[in-house]
Amino acid sequence: MLGTLMIALFVAVLVVQAYINSEFKADHVSTEVGDQAGVPAGILDGGPVINTTGGQVSSNHLPAKTIALTFDDGPDPAWTPQILQVLAENDAHGTFFVVGSEVARHPDVAQQIADGGHEFGLHTFTHPNMQLLAPWRRKLELSQTQMAIARAAGVHTNLVRFPYSSKSQAIDETNWKLVKEAGEQGYLVVVNDTDSNDWQRPGVPRIILNATPKGDESAVVLFHDAGGDRAQTVEALRTFIPAMKARGYRFTTVTEGLNVGLKQAENAPPLLAYNEPAPASDHWRGQALLWTVGLADGLVYAIAGLFLVVGLLTIGRTGLLLLLAGRHARQRREAGFRWGPEVTEPVSVIVPAYNEKEGIEAAVRSLSGGDYPAIEVVVVDDGSTDGTASIVERMRLPNVRVVRVPNGGKSNALNTGVALAKNDLIVTVDGDTIFEPDSIRRLVQPFARPSVGAVAGNVKIGNRRSLVALWQHIEYVIGFNLDRRLYEVLNCMPTVPGAIGAFRRRALAEAGGFSDETLAEDTDITMALCRAGWRVVYEERARAWTEAPATLEQLYRQRYRWSYGTMQAMWKHRGALTDRGASGRFGRRGLPFLALFGVALPMLAPVVDIMLVYGVVFWELEETVLAWTGMLLLQMVTAAIAFRFDREAMGPLWRLPLQQFAYRQLMYLVLMQSATTALTGGRLGWHKLRRAGLVRGGPQTGSVAAPDLDVAPKVDSWPPTLHQVPFDPHPASGRAAARPAVPSQMSHANGYDLPSAGSPPGGGSGPVRTG
């Protein structure tokens with residue numbers, strides 16, 4: 001819900017920003033003069049000030065030798081103050097037809113206009129072509145500008161000038177309707193007598209020539225104080241005003257000029273109001289408008305900043321991966337690369353299992369039947385209720401043992417298995433994972449180096465036939481395996497995957513064993529090993545095939561647990577940031593990398609898509625698509641390199657663009673919810689995924705086929721091959737008569753922070769229950 005609200009907020013802000021910045025381009029085009037048959041002759045031949053209020057129709061010129069300087073498109077923080085300075089130096093006043101959105105952005109400049117005795121006029125809120133707008137939008141454009149002026153300068157105006165308008169002779173029937181509509185709202189419409197065309201920057205002499213009226217005629221002169229470089233306008237005014245005064249001209253605002261004419265007329269009507277105080281209601285509504293504009297601008301700047309951060313992180317990650325992961329891959333590809341003397345010590349494989357009936361038989365057969373000379377498989381049944389332990393027992397494999405314990409969580413099952421294992425080399429495997437025949441042999445070879453305390457294997461997605469699983473296959477190759485190469489080179493591996501990992505018993509003991517204080521026990525133990533000074537490496541040739549979640553719901557549950565558990569582990573080991581020695585090296589290298597590339601970058605990645613949509617709709621289409629395509633190509637290059645390193649077929653990569661829009665948003669929501677849960681102190685239970693079983697070959701009902709590789713002997717889906725043996729619950733099922741001593745990670749008194757994210761400050765978070 002929070003993620004959805006955040007996206008909705010961003011979209012709303014971007015729409016407001018697009019409106020404020022006049023990005024609805026269909027509204028911002030000039031139109032040709034149309035049919036003028038319905039426009040009164042007195043308007044076409046009349047003056048620049050048109051009055052249709054109260055049902056009347058009239059136009060007015062200013063008195064002879066009177067000039068009203070008018071300025072459109074401001075206020076501008078750079079050029080408007082310079083123009084005000086020139087006017088003050090020459091004791092002249094002007095009428096500023098302001099754009100409401102700019103008044104909202106620069107209320108201080110609007111206040112300077114009022115303080116200088118100058119007049120305001122409306123030039124709409126976003127500078128659209130009013131002919132192309134609906135009536136409600138035209139009214140809104142004027143009222144919003146009026147409110148912005150009320151809040152910024154405390155005044156009200158009765159003057160309006162439409163964008164893209166010209167002289168009275170150019171008013172056609174469409175514009176005449178707009179003029180009458182404005183009159184119904186109480187506005188006088190002001191066009192111009194002379195247009196300086198300063199927006200074209202033709203040079204100071206040309207601007208002066210364009211602005212100068214003929215003979216002794218009066219003139220409403222059009223200049224601009226915003227919309228670009230107005231240096232020529234400023235210099236032209238410095239010359240124009242003194243020159244016209246020398247010819248006997250006086251300078252007034254539009255209303256002042258009209259009032260001079262009214263005073264000279266017989267039976268003079270009441271004088272027009274000039275910068276009258278704005279009503280209090282407009283003041284408060286204007287305040288809300290200014291806050292809205294400020295919020296929209298601020299958030300857009302923030303989003304743009306985040307976009308820059310995402311770009312820098314993406315480029316930085318790509319550069320590091322190409323440099324360091326490439327070096328790792330080249331090293332492993334060298335013909336003479338060896339970890340050392342061949343490792344042939346006996347291995348104990350620990351399989352924690354909770355309700356794994358669909359895949360446990362295939363997993364155990366692949367583990368017990370590998371090509372390694374001495375394998376012991378210990379299946380720790382964690383209080384399963386579906387007969388998982390009985391399935392393994394009925395297989396009657398000589399090197400497989402089954403241990404039944406009450407349901408106590410995965411870390412407890414792992415610790416139990418380690419305590420009962422006979423050997424010093426420990427391999428941990430999930431109950432739904434299938435090993436290749438040489439996986440164990442390859443996995444333990446790095447232990448030839450005494451400094452290696454743990455080895456991460458290469459996890460592969462077995463059920464790639466669904467789109468969701470295929471997306472995960474891409475993610476595993478790019479986001480996990482490629483990163484592990486980088487982390488190994490930097491000696492800050494954060495996670496040995498639970499699906500395939502190997503440990504020295506001594507290293508596990510020094511790190512305190514598997515902890516139940518986080519939901520990511522594999523990340524937790526790996527960080528503890530790194531802090532204890534053990535080296536953790538990645539063996540790409542040791543492959544294990546796992547069944548990935550096949551639905552978005554199951555994927556969400558799994559990743560929610562993963563990301564929350566990772567955040568717990570990072571918080572738990574935060575003390576490494578200030579430690580010395582190996583712990584400090586990991587803390588100041590591994591934790592920042594994980595925070596930036598594992599949390600911050602995925603959480604900020606949707607900013608790219610938001611800016612893409614915004615750019616396509618409101619900015620230049622070609623430039624936006626080009627920028628996003630460049631980002632996608634960068635990711636495609638990274639993906640292609642990762643697939644090449646893993647010797648994977650490139651075919652799935654054509655789905656990467658779709659993954660950027662769908663899969664990435666899902667991961668964003670996962671991280672948002674995980675972060676919210678962690679920050680609010682919420683607790684998350686273990687979500688058991690529904691399994692269909694990962695097997696090789698056969699059209700068995702309910703099974704999920706692995707790739708056509710020799711990853712395990714062919715087995716049946718549930719029920720297993722040995723179904724003729726009746727299900728006989730073990731007498732100890734659900735209880736443990738003599739639970740062995742189980743190690744746990746050392747207390748904070750020995751240098752580790754036990755409390756997990758959201759746990760009470762006085763102790764640990766308690767057991768994490770499965771189910």
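**Before you start.** Two residues are in contact here when heavy atoms of theirs lie within 4.5 Å. Helices (DSSP runs of H or I, at least four residues) and strands (runs of E, at least two) are numbered from the N terminus. This is a predicted model, in which local features need pLDDT of at least 70 and side-chain atom pairs count only at pLDDT 80 or more, while totals for chains, interfaces and linings use all residues. Residues are numbered from 1 along each chain as its sequence is written, and side-chain values use heavy atoms, with hydrogens and water left out.

**Figure 1. The whole protein chain.** Start with the overview: the protein chain has 24 helices and 22 strands. Of its 771 residues, 56% are buried (under 20% relative accessible area; exposed is over 50% and partly exposed lies in between, with a 1.4 Å probe and protein chains only). Take the contacts in the protein chain with a separation of 6 or more: 80% of them are between residues 24 or more positions apart.

**Figure 2. Helix α5 and its buried side.** Look along helix α5, which covers residues 107-115, and pick out its buried residues V109, A110, I113 and A114. These four sit on the same side of α5, because they cover an arc of only 150° around the axis (the arc being that of the directions from the helix axis to the C-beta atoms). Three helices are among the partners that the buried residues of α5 pack against: α3 (79-89), α4 (100-105) and α6 (135-153). Two strands, β4 (95-98) and β5 (119-122), also pack against the buried residues of α5. After α5 comes G117, which has a positive phi near 80°.

**Figure 3. A cis peptide bond at P75.** Here the view closes in on the link between G74 and P75, a cis peptide bond with omega at about 0°. P75 belongs to the loop between β3 (66-72) and α3. For background, most peptide bonds are trans, and most residues other than glycine have a negative phi.

**Figure 4. Two residues with positive phi.** N491 and R647 each get a close-up. N491 is not a glycine, yet its phi is positive, near 60°. You'll find N491 in the loop between α16 and β19 (501-504), and its relative accessibility of 34% makes it partly exposed. R647 is also a residue other than glycine with a positive phi, this one near 55°. R647 sits in the loop between α22 (621-645) and α23 (656-661), and at 61% relative accessibility R647 counts as exposed.

**Figure 5. Helices α12 and α13 crossing.** Two packed helices are described by the angle between their axes and the distance between the axes. The axes of α12 (residues 360-368) and α13 (residues 388-395) come within 10 Å and cross at roughly 40°. Axes are lines fitted to C-alpha atoms, for helices over the stretch in contact, and angles run from 0 to 180 degrees between N-to-C directions. That crossing angle makes α12 and α13 oblique to each other (under 35 degrees is roughly parallel, over 145 roughly antiparallel, 65 to 115 roughly perpendicular, and the rest oblique). On the α12 side, I360, E361, V364 and R365 meet T388, I391, V392 and M395 of α13. By class, the residues of this contact between α12 and α13 are 5 nonpolar, 1 polar and 2 charged (Ala, Val, Leu, Ile, Met, Phe, Trp, Tyr, Cys and Pro are nonpolar, Asp, Glu, Lys and Arg charged, and the others, Gly among them, polar).

**Figure 6. Helix α16, its partner α20 and residue D483.** Helix α16 (residues 467-490) and helix α20 (residues 581-604) have axes that come within 10 Å and cross at roughly 160°. So α16 and α20 run roughly antiparallel to each other. L486, Y487 and L490 in α16 meet R589, F593 and L594 in α20. The contact of α16 with α20 has 5 nonpolar, no polar and 1 charged residues. D483 is in α16 as well, and with 12% relative accessibility it counts as buried. Beyond its neighbours within four places in sequence, D483 is in contact with R317, L321 and I478.

**Figure 7. V444 and what it touches.** V444 is in helix α15, residues 439-444. At a relative accessible area of 0%, V444 is buried. Leaving out residues up to four places away in sequence, V444 touches V343, V347, Y372, L425 and V427. V444 and I426 are 18 residues apart in sequence and 9.0 Å apart in space, C-alpha to C-alpha.
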